[in-house]
Every structure is written in structure tokens, then in C-alpha cells.
Amino acid sequence: PALAAAARAHGIATPTMASVRLSNRRLVSPRFAAASASAARSNSSSSSQITDAELKGASVAVRLASHVYKVGDIEPWVRREGFTLMAEGETNCTRWYVCDKRAGEATTHRWVIVRGAAWNNEKVDRVRLSTQIGKAWPSPLHEGKGAPPVVVHTGVKEMADEFWPDVSPWIASTPTGARVCFAGHSLGGSMAMLLMAWSKLRLGVDHLDPCWTFGSPPVLASDGWEMRKRRGADISESVARAAADGGDWVGELMRGVTAFGADAGEGRAGASTPTPGVDTETRSTREDALRVAGFESDSVRAFVLSNDPVPRMWLAADPLFGAAAANETVASLMSAREWLFGRGMLSRGRFLYDAAGTLYWMRWAPEAGTAVTVHRGDPDALCEELSRDGSGVDWERMDDTTTSPEGGSGSAEGGGTEERSWLDAGLRSVVGAMDHNAQNYVDSIQYLNVRRFTGSSSKAL
């Protein structure tokens with residue numbers, strides 16, 4: 001009461017009990033959330049068309065990223081693209097190489113390419129690779145003074161750290177005037193993104209071009225708890241400074257308490273899934289982990305085929321997370337965790353990690369071929385696209401009463417839509433696994449290039 005009275009005296013709004021009460025409401029369905037997000041995007045300028053420069057850049061990046069999967073000598077493949085192979089290496093989980101693009105004698109671009117999971121490669125330790133993928137708990141992206149409050153998938157970080165001593169000298173020694181570029185498919189794209197971040201944070205390299213990823217799972221997240229600790233330290237410092245100077249320390253304290261509560265409570269913008277009756281346009285766009293780490297949102301250009309299941313790994317769009325979060329008890333626990341520790345892993349709006357960068361969403365249709373939609377400055381775009389795409393199981397429709405193929409009511413035993421829904425989901429998963437193949441990304445992007453730059457209207461290129 002005393003703090004509230006002091007706040008009113010200084011004209012500061014204080015949070016009510018309603019704003020800090022833990023919610024036990026059931027999460028809204030993915031379909032409603034997707035519809036809300038779609039409506040919000042239709043009134044924004046985040047969606048746009050891919051530019052000629054982006055399309056050409058993606059064409060180069062995806063071909064280089066596919067060559068790292070070749071068995072044996074990759075130098076002829078790199079040379080055929082007009083690049084000079086500078087270095088290459090291999091661990092028991094991945095493979096990488098460095099190549100230069102030259103104009104005469106001068107190097108204009110140095111590319112670092114990382115391979116994803118090659119399960120059928122006899123040099124790969126499949127047990128260790130599986131173990132590293134399973135190490136999904138977070139580790140700091142960077143440590144030391146001034147480190148950003150960003151965490152990374154531990155297993156992916158360890159795999160990238162293993163060859164960092166070999167590849168980092170090539171990044172640090174990039175010729176003057178040349179740009180450093182990174183690319184990779186699947187987990188290779190995730191590791192390439194870490195290499196880009198470490199190049200700036202560990203080496204101080206700033207002549208970096210965007211990192212190109214193709215079908216890569218998210219591995220970065222802002223550390224809500226660390227951000228709250230830093231906010232608390234800032235509040236303590238401002239109050240102490242005001243008290244020492246004889247200033248308005250009560251006002252400083254109340255402003256800090258109000259901001260601290262808004263950062264953790266239910267009313268914080270972007271903290272949770274959209275709820276019925278809430279205008280999605282009033283919710284401010286949250287900053288993704290890239291911005292928190294000091295990068296522009298366009299520092300990563302993420303290409304995703306709509307049927308590819310891998311990019312949904314560790315996202316809130318994961319159907320298993322949706323099934324768990326639909327439980328009221330689990331939802332309440334996640335709400336409590338979010339209020340106490342800030343928005344982070346296993347909270348209502350996030351499973352483990354967040355998608356990062358600009359999303360290039362590619363979808364194929366028989367009547368139109370491959371089309372791409374670009375989502376700029378929208379870190380939630382991938383989750384929203386995946387949620388409304390229908391490639392996951394609609395858990396809320398798995399009820400006991402179903403409709404038979406003939407239109408009447410029937411049971412699952414009678415071959416109703418419940419049984420077909422599970423079968424369709426399984427078939428879509430198989431198709432998606434095939435979509436994840438690196439060559440599919442090459443074909444899709446090359447198709448878009450041919451359509452754009454030759455003016456062809458063919459749908460069967």
C-alpha cells in the first residue's frame with residue numbers, strides 16, 4: 001500500500017492484481033492463433049516479394065551448400081561454380097569448407113559452408129550425432145563481459161565448436177575488402193549461423209554478409225531470465241544513484257517495479273499466444289534473438305519449404321508442444337514460469353528456440369509451381385506459417401465422433417476422419433522428409449530463378 005501510494009503521488013500507474021494473476025485459461029487452438037496472425041500480417045508490410053539480388057544470392061548459396069554433401073573430392077564441384085577452394089575439414093558429425101570468389105586477382109567474397117546431418121555417410125558417427133541433436137538444453141551463445149543475453153542449443157554449439165579452431169583463422173584472415181558469407185542446409189545452416197555470430201562476437205569481424213540457411217531448425221533464443229536479472233541490476237543502480245544524490249529515489253523505484261512487472265506479467269506484448277477479443281495489431285512486435293545479439297533481422301535469410309518438418313523442431317509450432325500446451329495444468333505451469341522468469345523456453349509462446357531472421361516461405365502447387373513469400377522483420381512468421389499450413393496434426397479435432405467418407409457419422413473403427421487424419425499426418429510426414437532433401441531446395445530455388453530471369457511461364461521446369 002505504501003509503494004502504491006507513493007506511485008500515485010508521482011503519477012505512475014501501478015499493476016493491479018488482475019495483471020499479475022496467473023492464468024489457467026486453456027491455450028487457443030493453433031487454427032485461431034494462425035487466423036489472428038494472418039489477419040495481423042495482412043495489415044502490415046512484413047510480407048513482400050523476393051528481390052532479384054536475393055534470388056541470385058540464394059541460387060549461389062544453395063548450390064554451394066549442396067556440394068558439401070558430395071562424397072569424395074568437392075574441389076571440382078566448387079571450381080565449376082566459379083569459386084576457389086581454400087580449406088576443408090571433417091568431424092565425425094559434419095563437414096565444412098571455405099571457398100573464395102575472385103574478380104581477377106582480388107577476392108570479393110569468402111564463403112564458409114557447413115554440412116547438415118548425413119546419416120548415410122559411413123564417416124559419420126550416428127550415435128554421437130544423435131546424442132548431440134538430443135542435447136537440446138540451452139548454453140550461452142557467448143561468454144564474457146558484455147555478452148548478449150542469448151542462448152543456443154548445446155549440442156549444435158558443441159558440434160560447431162569442434163571445428164571452430166580450424167575455420168576461424170580463415171574467417172579472421174579474409175582479404176581486405178572482401179565480405180564473409182555463410183551458408184548451410186539443415187543443421188549445417190544452424191551451425192553456419194553460429195559461425196556468423198561468433199565471427200562478430202569472438203573475432204570482432206564486421207564485414208559479414210547475411211547467412212543463408214535452407215530447411216534449418218532454430219537454435220537461438222533470447223534469455224528471458226538473464227534479461228530480467230540485468231533489468232533488476234539496472235533498477236538497483238538507478239535507485240542507489242538517486243538516493244546518493246538526494247533525488248527522487250522512490251520515483252525511480254516505482255518506475256523500475258512497474259517496468260519489471262510489465263516485462264514478466266501477462267500483459268507484456270508478445271508474451272503469449274493471441275487470445276480471443278484481443279486486437280493483434282495492438283501487440284508490439286518482439287525482438288528476436290538476432291537483434292538481442294546485436295545483429296539486424298536480415299542477418300539470416302532462412303528458406304523453408306512448406307512441407308519440410310525439420311524447421312519446426314524446437315518451435316512452438318511443434319505438434320507435440322501444441323498437444324502438451326492444450327492441457328490446462330501444463331498451460332498454467334508455463335504461465336507461472338513465464339511470469340517468474342520472463343518469456344523463455346517452455347513458456348506459453350515458446351517451446352525451446354525461436355526462428356531467426358527473414359523467412360522465405362516456399363510452397364509448391366500443381367497449378368502454379370513453386371512460389372515464395374518473404375516475411376521481413378517478423379520473428380513469429382515461421383510459427384504462424386507452420387500452424388496454418390495444416391502439415392501438422394490438428395489435435396483438437398481428434399474427438400470420438402467423426403464423419404464417414406460417405407458424409408454420415410461414424411467411428412474411428414469405421415474408417416472415419418479421425419483414422420484418416422492420423423494416416424494423412426503420417427503420409428505428410430513422409431512427404432515432408434523427402435522435401436527436406438538438399439536437392440529439393442536447389443531445384444525449387446533454381447526453378448524460381450529460371451521463371452524470374454527467363455520469363456518462362458512453364459509450371460514443369
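In the predicted model, strand 5 and strand 6 (residues 150-153) run antiparallel and are joined by three bridges. Within this pair, proline 140 is placed opposite valine 151 of strand 6. The two strands belong to an open sheet of three strands, arranged in the order 5-6-9 with antiparallel pairing. Strand 5 (138-140) and strand 9 (220-222) occupy the edges of this sheet; each has a single partner strand, so one side of each is left without a neighbour in the sheet. From one strand to the next, the twist averages 40°.

A further antiparallel pairing, over seven bridges, links strand 11 (residues 358-365) with strand 12. The connection between strand 11 and strand 12 is a hairpin of three residues. Across this pair, methionine 362 faces valine 372 of strand 12. Strand 12 (residues 369-375) is mostly covered, with five of its seven residues buried.

Methionine 362 also takes part in the surroundings of isoleucine 445, with which it is in contact. Isoleucine 445 is located in helix 16 (residues 438-454). Its relative accessibility is 0%, and isoleucine 445 therefore counts as buried, the cut-off for a buried residue being under 20%. Beyond neighbours within four places in sequence, the residues in contact with isoleucine 445 are Leu55, Ala58, Ser59, Val62, Phe214, Phe303 and Met362. Of these contacts, the one with phenylalanine 303 joins residues 142 positions apart in sequence, whose C-alpha atoms are 9.3 Å apart in space.

How values were computed:
Residues are numbered from 1 along each chain as its sequence is written. This is a predicted model: local features need pLDDT of at least 70, side-chain atom pairs count only at pLDDT 80 or more; totals for chains, interfaces and linings use all residues. Side-chain values use heavy atoms; hydrogens and water are left out. Helices (H or I, at least four residues) and strands (E, at least two) are DSSP runs, numbered from the N terminus. Buried means under 20% relative accessible area, exposed over 50%, partly exposed in between (1.4 Å probe, protein chains only). Contact means heavy atoms within 4.5 Å. Two strands pair if DSSP finds at least two bridges between them. Axes are lines fitted to C-alpha atoms, for helices over the stretch in contact, and angles run from 0 to 180 degrees between N-to-C directions.
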